[in-house]
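I set out to look up how aromatic rings and charged groups are placed, and then how one sheet is built. These entries record what I found.

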Amino acid sequence: MSKGTKVPGYMQGKGSRNPRGIIGDREIRYKCSLQNTILDVLRGRPGWQEVPGQNNIPQNVQANPKQQGQQSTGQQPSNTGKSGSGSTNQGTTFGNKGSVRNPQQGPGTQPGVPTRLGDGDWDFYWCDREWLAQNYDTMFLYEHQKILHFRNHYELTRKNLMVKNLKRLKKQTERELGKAEGQSFEFFPTTYELPSEYHIFVEEFKKNPGIIWIMKPAARAQGRGIFLFRRLKDITDWKKGEYQPLSDPNREVPETYVVQRYIENPYLIGGRKFDVRVYVLVVSYNPLKVWLYRSGFARFSNTRFSLDSIEDTYVHLTNVAIQKNAPDYDPDKGCKWSTQQLRKYLCAKHGVEAVKNAFKGIDNIIIKSLQSVQKIIINDKHCFEMYGYDVLFDSDLKPWLIEINASPSLTASGKEDYDLKFGLLNDVLNVLDLENRLTGKEKRIGGWDLLWEDGPILADDGNMECTPNGTTASIPNSFLGCHNDRKRQLRELFTAAQSIKKS
Ligand code: ADP
């Protein structure tokens with residue numbers, strides 16, 4: 001990185017032009033703090049080179065040794081050099097102060113910090129949230145640099161904050177556009193934050209005797225700390241243990257929970273409950289620009305659904321982390337279906353129109369949830385986010401938003417899962433287009449379809465799948481669970497973009 005305007009990421013205006021000019025024809029330098037499929041993708045990308053540095057994962061460590069053969073699908077690792085400085089940190093945090101810039105200095109020239117080749121000298125950084133939280137506020141970025149995560153992503157990905165933001169936008173919508181319009185927000189179950197809303201929750205509880213509630217720690221993941229209950233007594237006992245009296249000097253700050261109405265009538269396939277993982281890419285919050293990935297998966301519970309045993313997590317929680325510990329879990333069969341398989345199954349059972357409506361509901365969930373934080377998220381043009389939405393269908397095929405993850409698991413559970421994630425992540429890089437191969441006007445890039453750009457995007461390509469003939473113009477550009485012929489599409493797209501650029 002020889003030249004470039006150094007402007008704090010969060011202070012950059014719209015005036016700067018040619019964001020990719022700095023990379024030009026040289027290689028693209030990346031950092032990655034995760035040791036899973038994303039590392040394979042980055043290492044396999046032609047023209048991309050890992051930045052040697054103290055905290056990088058050594059290049060002789062394979063993210064997924066079993067799957068290395070997969071990289072030969074036309075994408076050979078481009079970097080054969082050593083990672084340098086004997087990198088040993090394989091954890092998920094960098095804590096690399098060398099990559100934090102003093103605005104007064106050039107990259108890698110901070111006094112007191114050993115200047116190693118490449119320190120802080122990256123174009124692309126797949127960092128973890130902890131690293132960003134520690135470094136973002138003092139970080140200065142060049143025009144073209146791209147980094148994963150928006151600074152305050154937790155506004156959407158902490159369970160309590162997500163609901164708070166959704167409730168606020170719902171209220172505002174009702175006030176400005178009327179009650180009917182507010183109904184389009186009825187996709188998240190009634191939820192209260194504990195301990196702060198305990199009394200409101202108790203009132204609500206008493207109004208609906210006998211229903212089931214689910215208690216979830218606001219900031220934990222993978223089903224940890226979750227339990228279901230029917231009686232207020234269950235929660236008062238829990239509350240005593242969890243929230244010790246204020247007078248106790250050893251008392252820790254109580255963990256925030258959400259208590260949520262349990263969806264008692266999930267859609268069942270083969271008697272089993274499932275939820276759907278949907279991938280969403282946000283490249284800008286202002287204007288809001290959102291891509292929806294065609295592929296994903298449904299995660300099934302291993303045990304037949306029943307409301308008789310509400311304490312059985314294998315019945316009620318569909319997290320793979322939970323299900324893989326079930327005594328009768330079969331790792332070969334796993335507990336996943338592709339979203340394509342799911343859509344096909346549902347179409348055969350309920351007809352194309354009913355399924356289209358159900359999936360439209362997912363589009364609504366995505367857009368409303370992002371709009372609920374649009375004014376709050378610190379919109380930095382260097383940042384992007386790949387969210388993993390968890391959606392549950394009820395027996396009427398109505399989709400419910402369960403939660404949104406800013407770090408959806410990228411570790412593959414098998415070959416099919418690896419192929420999905422490998423393609424998904426490659427397509428994230430294709431959308432970000434640091435190579436500057438595209439025109440910027442695309443509506444589809446590989447498996448990603450542009451769902452929203454300051455307004456809904458409509459499909460106008462008559463050749464797209466899942467669109468009835470002749471009515472394509474009014475159809476949303478949304479193809480979740482539709483055929484994902486990403487490689488062919490990319491080939492055609494790059495060829496077309498090249499000729500447009502030449503002319
Ligand atoms: P975590 O972040 O720990 O995964 P989630 O909110 O995603 O927590 O919940 C874990 C699982 O519990 C979900 O995948 C889903 O199967 C189930 N679940 C969560 N909330 C509800 C709910 N309100 N109704 C029905 N099932 C739920």
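**Notebook: rings, charges and a sheet**

I began with charges over rings and found that Arg437 lies over the face of Phe494, at 4.1 Å from the ring centre. I note for all entries that the model is predicted. I then looked up a second case, in which the charged end of Arg343 sits over the ring of Phe359, 4.6 Å from its centre.

**Aromatic pairs**

I next asked how many aromatic pairs the structure holds. The count I obtained is 25. I opened the pair formed by Tyr198 and Phe201, which is tilted, with 6.5 Å centre to centre and 55° between the planes. I assigned this pair as tilted because an angle under 30 degrees would count as stacked and one over 60 as edge-to-face. I traced both residues to helix α6 (residues 198-207), where they are 3 residues apart and thus separated by about one helical turn. I also checked exposure: Tyr198 is buried, and Phe201 is buried too.

I then turned to Tyr418 and Phe422, an aromatic pair that is stacked, with 5.7 Å centre to centre and 25° between the planes. I located both in helix α12 (residues 415-432), 4 residues apart, about one turn of the helix. Are these two rings buried or exposed? I recorded Tyr418 as buried because its relative accessibility is 0%. I recorded Phe422 as buried as well, its relative accessible area being 9%.

Following the ring pairs outward, I found a cluster that links Tyr192, Tyr198, Phe201, Phe205, Trp213, Phe227 and Phe229.

**The sheet**

I looked up an open sheet of 4 strands and read its order as β7-β10-β8-β9, with antiparallel pairing. Which strands stand at the edges? I found β7 (191-194) and β9 (227-229) there; each has a single partner strand, so one side of each is left without a neighbour in the sheet. From one strand to the next, I noted a twist that averages 25°.

I examined the pairing of β7 with strand β10 (residues 257-261), which is antiparallel over 4 bridges. Within it, I identified Gln260 in β10 as the bridge partner of Thr191.

**Helices on the sheet**

I then asked which strands helix α4 (residues 159-177) touches as it packs on the sheet. I listed β7, β8 (213-217) and β10, and I noted that the direction of α4 makes about 130° with that of β7. Lastly, I returned to α6, which lies across β7, β8, β9 and β10 and runs at about 140° to β7.

How values were computed
Residues are numbered from 1 along each chain as its sequence is written. This is a predicted model: local features need pLDDT of at least 70, side-chain atom pairs count only at pLDDT 80 or more; totals for chains, interfaces and linings use all residues. Side-chain values use heavy atoms; hydrogens and water are left out. Rings of Phe, Tyr and Trp (its six-membered ring) pair if their centres lie within 6.5 Å; planes under 30 degrees apart count as stacked, over 60 as edge-to-face and the rest as tilted. Helices (H or I, at least four residues) and strands (E, at least two) are DSSP runs, numbered from the N terminus. Buried means under 20% relative accessible area, exposed over 50%, partly exposed in between (1.4 Å probe, protein chains only). A charge sits over a ring if NZ of Lys or CZ of Arg is within 6 Å of the ring centre and within 35 degrees of the ring normal. Two strands pair if DSSP finds at least two bridges between them. Axes are lines fitted to C-alpha atoms, for helices over the stretch in contact, and angles run from 0 to 180 degrees between N-to-C directions. Contact means heavy atoms within 4.5 Å.
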